[in-house]
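Thanks, everyone. Have a look at the model on the screen, and then I will walk you through it.

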Amino acid sequence: MKKIVEHISDKKHYVSDACIVWCFDARFATLRDRFIKSKGFQNVDLVCVAGGAKDIAAPEREADREYVQDQLRKSIALHHTKEVVLMVHNECGAYGGKTDAEFYMRELERARGMLKNYFQAVNIDVPISLYYADFEGVNEIE
């Protein structure tokens, strides 16, 4: 084995300010980092999958929804996560490149509903926040 990066990581266990489900589209990585900073989150658990919250709202396979839900459950169980953040973005390839913001907001609402049902079934009580990203920033959906 050859060490290629030297770095001392903090071994101390942490509480996660949020578990964020974000699209893996690299065009939104800098925006994600700015969003995290703007929210004042110090520790986040990050679930990056194509389409962000799409795998909860409209998965191609039920196993995709189960995977994301399980990642959220583990974040909450292991890191006592305070909030779940769901994100989708404009022109998302996982959604076929749609540009209609209203469509994405409906998808976020569907994802929240599905996740609330799952959380209720497994006795989890954590708030769920919704965010829509476009090429000009991040919008909170209330």
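How many bridges join strand β4 to strand β5, and do they run parallel or antiparallel? There are 5 bridges, and β4 (residues 128–134) and β5 (residues 137–141) run antiparallel. Two strands count as paired if DSSP finds at least two bridges between them. Helices (H or I, at least four residues) and strands (E, at least two) are DSSP runs, numbered from the N terminus. A hairpin of 2 residues joins β4 to β5. For one pair, take A133: its bridge partner in β5 is V138.

Some ground rules. This is a predicted model, where local features need pLDDT of at least 70 and side-chain atom pairs count only at pLDDT 80 or more, while totals for chains, interfaces and linings use all residues. Residues are numbered from 1 along each chain as its sequence is written, and side-chain values use heavy atoms, with hydrogens and water left out.

Now the core. A nonpolar core here is a set of buried Ala, Val, Leu, Ile, Met, Phe, Trp, Tyr and Cys residues joined through side-chain atoms within 4.5 Å. Buried means under 20% relative accessible area, exposed means over 50%, and partly exposed lies in between (1.4 Å probe, protein chains only). The largest nonpolar core has 41 residues, and V84, L86, L115 and F119 touch the most other members. At least two residues of this core come from each of β1 (18–22), α1 (29–39), α2 (54–57), α3 (62–79), β3 (84–89), α4 (101–121) and β4. Helix α4 gives the most, with 7 residues. As a general point, nonpolar side chains tend to be buried together in soluble globular proteins.

What does V84 touch, leaving aside its neighbours within four places in sequence? Contact means heavy atoms within 4.5 Å. On that basis V84 is in contact with C19, L72, I76, L115, F119, V126, P127, I128 and S129.

Next, helix α3. The expected span of a helix is 1.5 Å times one less than its number of residues. For the 18 residues of α3 that comes to 26 Å, and the end C-alpha atoms are 26 Å apart, which agrees. Which residues of α3 are buried? They are D64, R65, V68, Q69, L72, S75, I76 and H79. They cover an arc of only 130° around the axis, so they sit on the same side of α3. That arc is taken from the directions from the helix axis to the C-beta atoms. These buried residues pack against β1, β2 (44–48), α2, β3 and α4.

One of them deserves a closer look. Q69, in helix α3, is buried at 7% relative accessible area. Leaving aside neighbours within four places in sequence, Q69 is in contact with M114, L115 and Y118.

On to charges. A salt bridge is a side-chain nitrogen of Lys or Arg within 4 Å of a carboxyl oxygen of Asp or Glu. The whole structure has 9 of them. R61 pairs with D64, with the closest N and O atoms 3.2 Å apart. R61 is partly exposed at 49% relative accessibility, whereas D64 is buried at 15%. D33 pairs with R32 at 3.3 Å between the closest N and O atoms. Here D33 is partly exposed at 43%, and R32 is buried at 15%. In α4, the side chains of R110 and E107 meet at 2.5 Å, N to O. The two are 3 residues apart in the helix, which means a separation of about one helical turn. R110 is partly exposed at 42%, while E107 is buried at 3%. Finally, D70, R73 and K74 are linked in a network of salt bridges.

Last topic: backbone angles. Most residues other than glycine have a negative phi. Where do we find positive values in residues other than glycine? E91 has a phi near 55°, and N123 has one near 60°. E91 lies in the loop between β3 and α4 and is partly exposed, with a relative accessible area of 36%. N123 lies in the loop between α4 and β4 and is exposed, at 72%. H80, just after α3, also takes a positive phi, of about 50°.

That is the tour. Over to you.
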